[in-house]
Each structure stands twice: as structure tokens, then as C-alpha cells.
Amino acid sequence: MEAGTGTPVRFKSNYAVWRRIEPFYKGGRVQVSSDGKFMFCPCGPKLNIIDVETGALRSLQQDEEEDISSFVLSPDDELLVTGSRALLLRQWDWRGDKCVRSWKAIHVAPVATMAFDSTSTLLATGGCDSTIKVWDMVKQYCTHNLKGSSGVVHLVQFHPDASHPQLFSSSMDYKIRIWDLSSSSCLAALGGHFSAITSLAFADRNTLVSSGRDKVCMVWDLKSRESKRTIPVYESVEAAVLLPPKGDFSQLGVKKKGLHIITAGSKGILKVWEAATAACVHSQPVPFELKEEVSEHSLTQCLLLPARNQLITVSVEHNFVFYDAQTLQLRKQLAGYNDEVLDVKFLGPGDSHIVVATNSPQLKVFELSTSHCQILYGHTDTILALDVFRKGLMFVSCAKDKSLRIWGMSRDGRVLCLAQGLGHTHGVGAVSCSRMKESFVVTSSQDCTIKIWNIPESLTSKAKAALISSPETLQAKVTEKGHNKDINSVAVSPNDKLIATGSQDRLAKLWSSSDCSLLGVFSGHKRGIWCVQFSPVDQVLGTSSADGTLKLWALRDFSCLKTFEGHDASVLKIIFVSRGTQLLSSGSDGLLKLWTIKTNECVKTLDGHEDKIWGLHSNKQDDMVVTASSDSCITLWKDVTEIEEKEAQAKEEEQILKEQELSNLLHEKRYLRALGLAISLDRPHTVLMVVKAILKETDGRKHLEENIARLRKDQKEAVLTFLVTWNTNSRNCHEAQAVIETLLKHEAPDTLLQYSGIKSAVESLLPYTERHFQRLSRLLQASMFLDFMWQNMRLADMAPQEDKVL
């Protein structure tokens, strides 16, 4: 078959999962190894270990399905301990992905926090039961049980100096308790905070800094156990990090020596404070996109990585941002959790990125090679749909906030908002870009209208030069009431002259892109239409519906050409692949189906998601597909048709060579090699032929015993399964029985019992063997009777002759 270019089309037959982008963090404390290479994130019952450089992920999975309540990595990176809601503590060899030991936490409620001392030999666990336990990790026993805290103990910290056996803790009464581990007594309770204490940090052996949700940081003198200074931060502080005394932090406003604190909290920005004067010497600038909605991007954690000279912040939306510690310049971003994924598209000139809409007002752009994620702010409500222009450098998003936004990617991979369009009266649910060049965008909305937006040429040139300071405002060129119900999908034809829409009213419609005049209606689906797509090569429109079918329609006369049935649920998305000769469809049951249009055949069903697949897109080379689902997973699929064909061809060639070799071995009477080869080819009949050939030889039984005895255990197991089948046929029962006899002679009963499938083999062999012996007994009786008759006949024949002689 040929399509358009005159070269043969290679039909696809299969896709395989190449990569998944899954949630790796759902909240809780995060930790990084001391060399800064690995990040540890709790995610339900798993603890995920992320390679910071590549984004590669692996998991430590508990046996039980209980969530991890807390975990800690020792300062020397050797010991990793997790605590679960099942009240068990586990120690892990995290490099080898295995649990070394587990023990009961003794707490009567889950462990909320953990900490190691500076020597990595003592572990403190703070529980929801108001107690603190200290564990000797070398001798493996509980050394202290500290009581007296009020409510949940949510912070524990050892004194950094091992010569000071002290433990610091904080609980629900907003006090910092100092415990003497020599006497197991509480030395002091430092009062000063009026809300939950969120972090404790030691500046030196006598100075402690605490932060709280009461919008202050406090500096404590541990000798006098008094507060030296209170720093008003004017926001709920979730983390306070001390800047190292060495290093050039002049770009962060550090001009004098002394204690400086970085705070992260509810405003979503980092601030640097001079402890001596309580002055804010540096505040991170707020991007203009965030100025209206800062409260939604609060930070929950801040970590300093001295080994990499970096600072990490964790946001309430589970995003990780890596900064240069000396300049606070952005280095990297990772997305820990995507929520429900509503759409996904390939992006970049070489499809090097994907852009994702994740049930939130932010867009995420993932670089596929590093997992680096840009988070794009601008929309104020959930983004519903995306589309990318042909060159892959500009794309459009539309959202529930009744707007659309056009974004551009610069040469260095940064994405900026170029323009926005307002005008719809309800959420904008579908969008499609012009296909020939970046000239217009079509949107459709829950207000049942279609709008065409012209894109000025100046915008594309500004995008290339990255000269955008703030987004331009677009005006709709045409507005048309399209359907009587929500419009779920819109598509622009490959030549930019036509627009198709699909609606909840069960109709698809064709429009002229110049003036939005109605050209025709496609009627035939029994339920709402979820997706419309133009064929890239034919004058054909594809539609998918909640009635579980896909249909192809002729653009000339609006007739239905083909109907594809096979999905058991709503078909949410379709795309044309293999240059328009095949279709890929995704359903609300989490299944992907590949269809060949010419034969109406479903070639392959792929199961890669557990929930509705809302996003489906193919790359420009047509060798990869990306899917996005309500199960929070993004899956990249690679076309493996050619690989599988080559593998099948290689296997076939190997089979032919082996069969030739087998024929040669039989001819040369090298029976042991022939047996082994026939078994490896899984050819029961060929093995039987070899056994028959051996038995025909002089001393055949003896040769058979020698050859069977020299087989490996797995080969004998295979022969055992084969002879069960042989034994069912009276023609082959002699060979089967000969092999059984050999096995019983040469194998001890205990060894035979260890064979896989021995029980079922014996159960199958017994009735047929019994039947064969009964048949042989009857034959023997018949032959004895014949012999007896023959002997009697001979005697009767001889008697008269003797009489004559006499």
C-alpha cells in the first residue's frame, strides 16, 4: 500500500513501553544524600530514590501495603531506616534495594519523625504517642524511652557535638525540650513560639535557630537557655537553613560575617536574614505570573546541599526546585506529583520535550533526556487542553479560566508566555493550531461557541528573538455558535482550510476556516463525540465517541465510510499513524488500540494505564507515542514493529539452522546431541523419532539408557512432559515405557519427586499405562490360545499316519 509519497507504507504491529513518568512524591519530609547525588522521597508504601542528575527512579517497597510515616538517612549515608503505620521500623541496604532487618517500634502510634546522631550509631524516633525512643543501631536495642512531651512529637534533633549527649525535640505545645541522655531527664523546655515549630538548626555547639508557623525565627543561647533574638519573618515559616560561614554569598546581600538564615514559607519565595540585626538582606524576586496568586505556591521544605553548592525547595504542589546556593539562580526543577493528567503533547524541534496539563493552573514541560521540568504559571484555573504548532516551538493551552495562552520555546529550551486571548463565557475545553504555519488558533468552549484567533506575524518573530516582556492580548476574529451542547474537540485540516468540531450532542460538523461558515454535518454516533481528527493524506475525518466506536467520514458527501468496534468503553482520543493508514485510539478503560484502516482490524491492544487516557499524541517521526491518564502516569511508547520483525526473522533463521543440524546429527547417529537439540527446539515428535532411532540400533535399550542418563535435569523434565503425550497413543507407548523404565532405574525416588510437574505427569501416565498392560495381557492370552490350538491340530494330524505305519 502507498500513501502520498509513493514509498511503501510499513504497517505498525506493536508498541512497547519505553518510559514512564510517574508520581514519586506525595508529601512528607524529603532527604538528600551527603554527596547530593540521590534524593529520598516517601510516596505511600514506597520510598523512592531519585538520581538528581538523570531523574532515574527506583523504589524501596515494604512487604505490607502500609504507608511510610517517616524515614531518615544517616549522616554517613550508610543506614536508612523507615517507619510505617504498621508500627514497624526497617533498616535498608538502599544501594542494594533490600531490607536488612525489621523490628517493632514499641511506640503505640506511628513514628512521626526520626533523626540520627552525628556518629550514625544512635537513632531517635518521635511518635504520635507523645514518647521519644532512642535506639543503639550497633547493638540493636532501645536505650531510652523519654516521656513528657505533649501530643505528637514532630521534631527530634541530636546535639551536633557527640560529647554533648543531648536530644532536642518539639511537640504540640510549641516548646523545645532539651533531653539529657545520660540521665534520661528533661533539662529544659524553651518557650517562645506560639505556633508549631517547623525546623531546628545548630549554628554552633551553643547556638540553636528555630522557625515556626507563628511567622518568626528565634535564636537561642544553649548555655543560658534563653532567647537571644526573635526575627519577624512576616510569613508562616516552614524551614530555616543556615548559610555556611565560608563562601561568597555577597549576591544574597551578605556583607558582614556572622549568622545568616534562609527562610522558606507560605509566600513561596526565599529570604535571607541577618541574625544580628534581624534584617532581611535579600528577598527572591517574584515572577510577574505569580504576583496575583502567591499564596498557592507556598514552600514546605528547604535543604542545603554543600557538596553541590545548591539549595532545594519543595513546594506544597510537590515540585522540587534546585538553586545555586550563592546566587539563587534556578538550576533544575522536578515534578513530584502530577495529579490527573488531562492532556500531553510532544514539544521542541526534535520532540525533545513533552508539555503536560495536570488538573492544575500550571503547565509542566519535561525535558525527556534529564526529567528536568519547567513549571509554567499564567492560567488561574485548571488547564483542559493543549496543541502544538508544526515546527514544535510554539504551543497553545486553554483552561477553565475562559482563556487561551500561546507559549514559545527559545533556543535554550526556556518557555515563555507570548500572548493570551479572552472572550469565551465558559471554560475553554478544546483547542487546535493551524497546520501550515503559525497563523491562527481555533478554540471551542462549554458556551457552545467556536472562536478563531489570528496570530500576528510580529509575535512569532518576537518569540524567536525572546523579546517578550509581558504577554500580548489577542482578539477573536470570528465567533460562531457551533453546537447545542458542550464542544469536546476541535481540529484544523492539514491545508488549514477546514475546521471540524465534535460535541456532546452526538454530531460532528465541518466549517470553513476563513469565515466559520457551516459546510456539513456528520451524523451517526449514538452518544457524545469525544474527539475529531483529519486524516493527513485523504479527504477523511475520524471521530471517536462515548458509544465505544470510531468512525471515518468522507469530507465530500459527509457519509460514513467505516466503523471500528472493539472498545468496551468511551473512546476519548484518536490519532492517525503510519501516514494515515492506521489509527490509534485510547479509551476510558485505560486501553490503547491500534487499527488498520484497510482491513478494519484491531492489530493490537495495549494495556498501560489504570484509568481514563485523556492524552494521546505521536511524534513527528511517527515512531513514538505519548499517553497521559487520570492515574497520574505519563507513558512513552516506542514502535517496536521493526525490532520484533527482525527478532522473528532471526529466530526463524536460527530454527532452520538447528533443524539442519538435527538432521545431520541423526544421519551421523550422534544421538545424545540430537536429543539435546530436539529438546531445546521444544519438538516432542522429533525427540520421539530420536528415541525410536536409538531403539532400532543393536543393544538399543542399553544405548537409550546411556543417553537418557547423560541428560541434564531440566532436559529430563522436558522429556517427562513429552512422554506423557506419547503414552496416550498405543503406537508410541513402547518408547514412552522404555524412557519411563530408564528414569525409574537411574533416578532415586527423592530426585524424581523434585522434578517440576512430576505429580501431574504420574497422574496422566498411570491410567494409560494400565490400559496398555491390559491390552498386552489380552494379546498374550490370545497368542497362547492360538499356540495351544496349533499344537492340538498338529497332534490330531499326526495320529492317523502312525496307525498306517503299524
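**Close-up legends: salt bridges, a cavity and two single residues**

Arg-95 counts as partly exposed, at 48% relative accessibility; here buried means under 20% relative accessible area, exposed over 50%, and partly exposed in between (1.4 Å probe, protein chains only). This is a predicted model, so local features need pLDDT of at least 70 and side-chain atom pairs count only at pLDDT 80 or more, while totals for chains, interfaces and linings use all residues. Residues are numbered from 1 along each chain as its sequence is written, and side-chain values use heavy atoms, with hydrogens and water left out.

**View A. Glu-78 pairs with Arg-95 in a salt bridge.** A salt bridge here is a side-chain nitrogen of Lys or Arg within 4 Å of a carboxyl oxygen of Asp or Glu, and that rule gives a count of 16. For Glu-78 and Arg-95, the N to O distance is 3.7 Å. The two partners are 17 residues apart: Glu-78 is in the loop between strand 6 (68-73) and strand 7 (80-84), and Arg-95 is in the loop between strand 8 (88-93) and strand 9 (98-104). Strands (E, at least two residues) and helices (H or I, at least four) are DSSP runs, numbered from the N terminus. Glu-78 is partly exposed, with 48% relative accessibility.

**View B. Glu-235 and Lys-271 form a salt bridge.** Their N to O distance is 3.9 Å. Glu-235 sits in the loop between strand 21 (226-232) and strand 22 (237-242) and Lys-271 in strand 24 (residues 270-274), so the bridge ties together parts 36 residues apart in sequence. Is Glu-235 buried or exposed? Glu-235 is buried, at 1% relative accessible area, and Lys-271 is buried too, at 10%.

**View C. Arg-435 reaches Asp-387.** The closest N and O atoms of this salt bridge are 2.8 Å apart. Arg-435 comes from the loop between strand 38 (428-433) and strand 39 (440-445), and Asp-387 from strand 34 (residues 383-388), 48 residues apart. Arg-435 is partly exposed at 27% relative accessibility, whereas Asp-387 is buried at 7%.

**View D. Arg-435 also helps line the second largest cavity.** A cavity is a set of points, on a 1 Å grid over the protein atoms alone, where a 1.4 Å probe fits but cannot get out; lining residues have an atom within 4 Å of a point. The whole structure has 2 cavities of 30 Å³ or more, and the second largest has a volume of about 30 Å³, a volume being the space filled by probe spheres set on the points. Its lining includes Phe-389, Arg-390, Lys-391, Ser-434 and Met-436. By class, the lining has 2 nonpolar, 1 polar and 5 charged residues.

**View E. Ser-493 is tucked into a loop between two strands.** They are strand 43 (487-492) and strand 44 (498-503). Ser-493 is buried, at 3% relative accessibility. Leaving aside neighbours within four places in sequence, Ser-493 is in contact (heavy atoms within 4.5 Å) with Arg-435, Leu-498 and Phe-534.

**View F. Ala-189 belongs to strand 17 (residues 185-190).** Ala-189 is partly exposed, with a relative accessible area of 40%. Not counting residues up to four places away in sequence, Ala-189 touches Lys-175, Ile-176 and Arg-177. How many residues apart in sequence are Ala-189 and Leu-776? They are 587 residues apart in sequence, and 96 Å apart in space, C-alpha to C-alpha.

Note on methods. 1 Å grid on protein atoms, 1.4 Å probe; cavity = no way out; pocket = protein on both sides within 12 Å on 5 of 7 lines; lining within 4 Å. Nonpolar A, V, L, I, M, F, W, Y, C, P; charged D, E, K, R; others polar.
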